[in-house]
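The following paragraphs lead the reader through a predicted model. Please keep the sequence and the structure in view while reading.

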Amino acid sequence: MKGLLLRDLRLAFRAGGGFGLGLAFFLIVTVLMPFGIGPETATLARIAPGILWIGALLACLLSLDRIFALDWEDGSLDLLATAPLPLEAVAAVKALAHWITTGLPLVALSPVLAVLLNLPAEGFPWLIASLTLGTPALSAIGSFGAALTVGLRRGGLLMSLLVLPLYVPTLIFGAEAVRRGADGLDAATPLALLAGVTLATLAAMPFAAAAALRVNLR
Amino acid sequence: MTLVVDALSCARGGVPILTGVGFALAPGEGLVLRGPNGSGKTTLLRALAGLTPPVAGRIDAPEDAIAYAGHADGLKAQLSVAENLTFWAGVFGGRDISAAVEGFDLAGLLDRRAGNLSAGQKRRLSLARLLVTGRPIWCLDEPTVSLDTQNVARFGAAVRGHLDAGGIAVIATHIDLGLEDVQSLDITPFIARTERQSADPFLSGGAL
């Protein structure tokens, strides 16, 4: 399992691995936002939690189809399916690798971009906490979507349609936690619900993804 | 450890391909599958490897005993030859890759990126993976594609060594591997003779 994780990370960081794609997208969306909306700091501060969360979510979505599609194309997925590793573990490790290469950099970049959007200082800890808790769910749900559409040519559109509804609870609770935090209110409740959603997806999604992979490998 | 296949029927995409396939292999025995294109060799091998569940019949093999090598090489272009082999060795329990490197003459290529190899070199690397799996039953689908005669002989020697060590090999191929005592099975008689039954009752116009 460690070998698979290291391989996926190495592939992502090497040339053509797609690392930075999500990060660049997140950067572009949040940097362009003040130009489109106008420079009023009060307006920006009010919408900053939502913008940051939607930006992170879409950035995550951008790289999802790479989780399994590349391994499917070159035949590695067939070989992994016949390896001693259970397919559930393969799905979980690949979701983890996706989170490390996509979710974690987004969390690290978000405070910098929050400054650009004039997020109140009280919101910063909640922004980092909610993204840290929420992005693993995005990767886990995404691995399920990627597994469902792995055999399809240009399956990205279908995958987005399948995955986005499942992202809604994470987005609602994540953005709500930051908004409350920025307003100086108690944000523990949405954060707890966000953690609950993440734990549930982490528990269920590897099994769902493995089941979808088995059907698609036939 | 034996591989016994009994009255096996397999389908691909809902279309029956083969019915009633049966054979038994003891340790040290090899089987070469013959048959025209589209006769179902790949489907049979994927069923043996456990990738496609059989429609009927049974496959008796010890659990986690089968190493599969299909048409695709399963290599990562961005990784070096050594990294590719070490990865698969790690997945299959951390074996030493030196025997595999030697068996397929990869020593001079270890630091090259797999993406820069020729088709034949990629194939050799893909076949070397079989040696690091340590699995006793090999299911190989057209393993000699894009290999030159010298490397076909090298591959034949690797299969010979595997069989002599008590392994089993099922190989779909059209060429002579230079293995004298392996059995040969023509799968043409087992091709499912049903008129293309559609899996979709609406398409087939059947009563529903």
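**Chain B and its contacts**

Of the 208 residues in chain B, 42% are buried. A residue is placed in that class when 20 or more other C-beta atoms lie within 10 Å of its own. The overall dimensions of chain B may be considered next. Its radius of gyration is 18 Å, and because a compact globule with 208 residues would have a value near 17 Å, the two agree. Along the principal axes, the C-alpha trace of chain B spans about 65 × 35 × 30 Å.

The secondary structure of chain B comprises six helices and eight strands. Read from the N terminus on, these elements follow the order β-β-β-α-β-β-α-α-α-β-α-β-β-α. Among the contacts in chain B with a separation of 6 or more, 73% join residues that are 24 or more positions apart.

How is chain B divided into domains? The domain assignment gives domain 1 two segments, 1–65 and 137–196, while domain 2 covers 73–135. The centres of domain 1 and domain 2 of chain B, taken over C-alpha atoms, are separated by 23 Å. In the contact between these domains, domain 1 of chain B takes part with twelve residues and domain 2 of chain B with eleven residues.

Which elements of chain B each supply at least two residues of the side of domain 1 that touches domain 2? They are strand 6 (137–141) and helix 5 (149–164) of chain B. Helix 5 of chain B gives the most to this side of domain 1, with four residues. By class, the side of domain 1 of chain B that touches domain 2 of chain B holds eight nonpolar residues, together with two polar and two charged ones.

The contact between the chains can be described in a similar manner. Here 21 residues come from chain A and 20 residues from chain B. On the side of chain A that touches chain B, two or more residues are given by helix 1 (2–13) and by helix 5 (76–81) of chain A. Helix 1 of chain A gives the most to this side, with five residues. The residues of the side of chain A that touches chain B divide into nine nonpolar, six polar and six charged.

Technical notes: Residues are numbered from 1 along each chain as its sequence is written. Chains are lettered from A and ligands numbered from 1 in the order in which they are written. This is a predicted model: local features need pLDDT of at least 70, side-chain atom pairs count only at pLDDT 80 or more; totals for chains, interfaces and linings use all residues. Domain bounds come from an automatic or database domain assignment. Two residues are in contact if their C-beta atoms, placed from the backbone, lie within 7 Å. Ala, Val, Leu, Ile, Met, Phe, Trp, Tyr, Cys and Pro count as nonpolar, Asp, Glu, Lys and Arg as charged, and the others, Gly among them, as polar. The radius of gyration is taken over C-alpha atoms; the globule rule is 2.2 Å times the number of residues to the power 0.38. A residue is buried if 20 or more other C-beta atoms lie within 10 Å of its own, exposed if 12 or fewer, and partly exposed in between; C-beta atoms are placed from the backbone.
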